[in-house]
Amino acid sequence: MSLRIVVCVKYVPDATGDRHFADDLTVDRDDVDGLLSELDEYAVEQALQIADEADDAEITVLTVGPEDAKDALRKALSMGADKAIHVEDDDLHGTDVIGTSLVLAKAIEKAGYDLVITGMASTDGTMGVLPAILAERLGVPQVTLLSEVKVEDGTVTGRRDGDSASEQLEASLPAVVSVTDQSGEARYPSFKGIMAAKKKPVESWDLEELEIEADEVGLEGSWTAVDSAAQRPARTAGTIVKDEGEGGKALAEFLAGQKFI
Amino acid sequence: MAEVLVYVDHVDGAVRKPTLELLTLARRIGEPVALALGAGAADTAAVLAEHGAVKVLTADAPEFTEYLVVPKVDALQAAYDAVSPAAVLVPSSAEGKEIAARLAVRIGSGIITDAIDLEAGDEGPVATQAAFAASFTTKSRVSKGTPVITVKPNSAPVEAAPAAGAVEALAVTFGALATGTKVVSRTPRESTGRPELTEAAIVVSGGRGVNGAENFHIIEELADSLGAAVGASRAAVDAGWYPHSNQVGQTGKSVSPQLYIASGISGAIQHRAGMQTSKTIVAINKDAEAPIFDLVDYGVVGDLFAVVPQLTEEIKARKG
């Protein structure tokens, strides 16, 4: 029987761009280019490796986001995923993590799954809580923050490297897995992969198809409210010295003056 | 006065500093009630009382160590039901965030993670967060349900505020999901004797310029002279020179110490995201154009192999 893998990915503003907030205090997506969140590339990579090991597997990439978010899906398809689902709806603008997890959970259930894989966090919000919330909503085991993952005979195993210990985990499918950037370098799409991706199916779903009311999501339906966003004042220019043999001593003098020594 | 539920991070009864900081913040918005789970939970009571906990709920069961995260969520939910708090505060560790997030969904509440400050507001607690690699500061609230907020280490001072701290055993019923993910084995991380990276007052980090695992002792010796934690940039970790558990940056740990010393680190956005809120920033780099110099209070353009050992010697000499 085919192993159904759903990889959740996010389209995020490029961190090397000049990111800022729009007037409604949501992330301004117009002024900065977007791309597939780098940490999600590791999730796609692990899905591809798990599918390679399985007799028969199908990888669906799923995203919730505006029109441009299709770019993130195309990237994942060109890496080797089989098909894509794009949940797109004007009412989704400004949805927070609780609302997004609701949309993703409904879409995952509608798509059908044995294994959900995500990155450890998005590179924009960097909360790192979505995988745990998805497991809660779907009512399946969470096997999160894995630096190594393996799926065999309906069981997922993996290694979670925490602050104080490294844990070996095990759960039965279906399950939600998240992987860290230590799980293995993500592959670059090949030219063949990029060409093939153009022919792969991308389905578009809206809130109605997922039986979600508009007031459960979006800025108005959000479970959190941002009251203000201020750019951090630029640091006042520091003292920069060139080392001409005494740089270490001069630095010690500075640290002593700041009472660190 | 409204009660605020505080989740306690401890190791066999020894309460970790971020939890004591949480108690300081909790007192700004109500009366702290602490929840301590696992072996040694009751041993946390004295220090929690010393820092303002009016009550300490405790529970221990094999499920907390044998299965991942969910048993702790069941316990936190039991405490939530027992206390009906005005807010729930949890330390922003990887596990703490997962526990908090699952509770939030269960009780129909919003969640704010990685707060760096917290104050009382007209419509509930207001959390300050750093956004976009700490280039922005936002103020947010939970607008639905009971605020669930996770707070980063070093966000508040540890203050003594003696309170009753009466210990009460909490009854926990584990749900069907509690045993979903089995912890088959656990290998404790070897202790270096140095402070924990995210909690340290001083962090000394090395990057690409350190040029090999065999040279990292230079960074470690500087750290030890200052009683500091050791960090590493992603480049150094990816090259295999230092463990991932010490990585500072967007995909590693986010640190906010009193003093951050970056050696041989250029200051890519990935790294800046993890250290930009440090109070005082110092960099040593031979490339005068390195973006890290835009952030520093003091920078030395020079070879770290000359500057860092000289600095270490000078610190040792000054400390006598």
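**Interface and chain geometry in a predicted two-chain model**

Over all chains, a search of the whole structure finds 35 salt bridges. The model is predicted. Between chain A and chain B the count is 9 salt bridges. In one of these pairs, B:Arg234 is bridged to A:Glu38, with the closest N and O atoms 2.8 Å apart. Helix H6 of chain A, residues 247-257, gives the most to the side of chain A that touches chain B, contributing 10 residues. By class, that side of chain A has 35 nonpolar, 24 polar and 19 charged residues.

The extent of the interface was described by contacts and by area. In chain A, 78 residues are in contact with chain B, where 84 residues take part. The size of an interface is often given as the accessible area lost when the parts come together. For chain A and chain B the buried area is about 7000 Å², and carbon and sulfur atoms give 56% of this area. Polar contacts across the interface of the two chains comprise 46 residue pairs, counted where both residues are at pLDDT 80 or more.

Strand pairing also links the two chains. Strand S9 of chain A (residues 165-172) and strand S13 of chain B (residues 181-188) run antiparallel and are joined by 7 bridges. Within this pairing, A:Ala165 stands opposite B:Pro188 of S13(B). A salt bridge connects B:Arg186 with A:Glu167, where the closest N and O atoms are 3.0 Å apart. This pair crosses between chains, with B:Arg186 located in strand S13 of chain B and A:Glu167 in strand S9 of chain A.

Two backbone features were noted in loops of chain A. A:Leu173 and A:Pro174 are joined by a cis peptide bond, with omega about 0°. A:Pro174 is placed in the loop between S9 and strand S10 (175-179) of chain A; S9 is the strand that pairs with S13 of chain B. The other feature concerns A:Glu211, which is not a glycine but has a positive phi of about 55°. A:Glu211 lies in the loop that runs between strand S11 (202-205) and strand S12 (224-231) of chain A.

The overall form of chain B was examined separately. Chain B contains 9 helices and 18 strands. Its radius of gyration is 21 Å, close to the 20 Å that the globule rule gives for 320 residues, so chain B is as compact as a globular protein of that length. The C-alpha trace of chain B spans about 60 × 45 × 40 Å along its principal axes.

Key:
Residues are numbered from 1 along each chain as its sequence is written. Chains are lettered from A and ligands numbered from 1 in the order in which they are written. This is a predicted model: local features need pLDDT of at least 70, side-chain atom pairs count only at pLDDT 80 or more; totals for chains, interfaces and linings use all residues. Side-chain values use heavy atoms; hydrogens and water are left out. Contact means heavy atoms within 4.5 Å. Buried area is the accessible area (1.4 Å probe) that two parts lose on being put together, summed over both. A salt bridge is a side-chain nitrogen of Lys or Arg within 4 Å of a carboxyl oxygen of Asp or Glu. A polar contact is a pair of N or O atoms within 3.5 Å; within protein, one must be able to donate a hydrogen and the other to accept it, and residues adjacent in sequence count only if both atoms are side-chain atoms. Helices (H or I, at least four residues) and strands (E, at least two) are DSSP runs, numbered from the N terminus. Ala, Val, Leu, Ile, Met, Phe, Trp, Tyr, Cys and Pro count as nonpolar, Asp, Glu, Lys and Arg as charged, and the others, Gly among them, as polar. Two strands pair if DSSP finds at least two bridges between them. The radius of gyration is taken over C-alpha atoms; the globule rule is 2.2 Å times the number of residues to the power 0.38.
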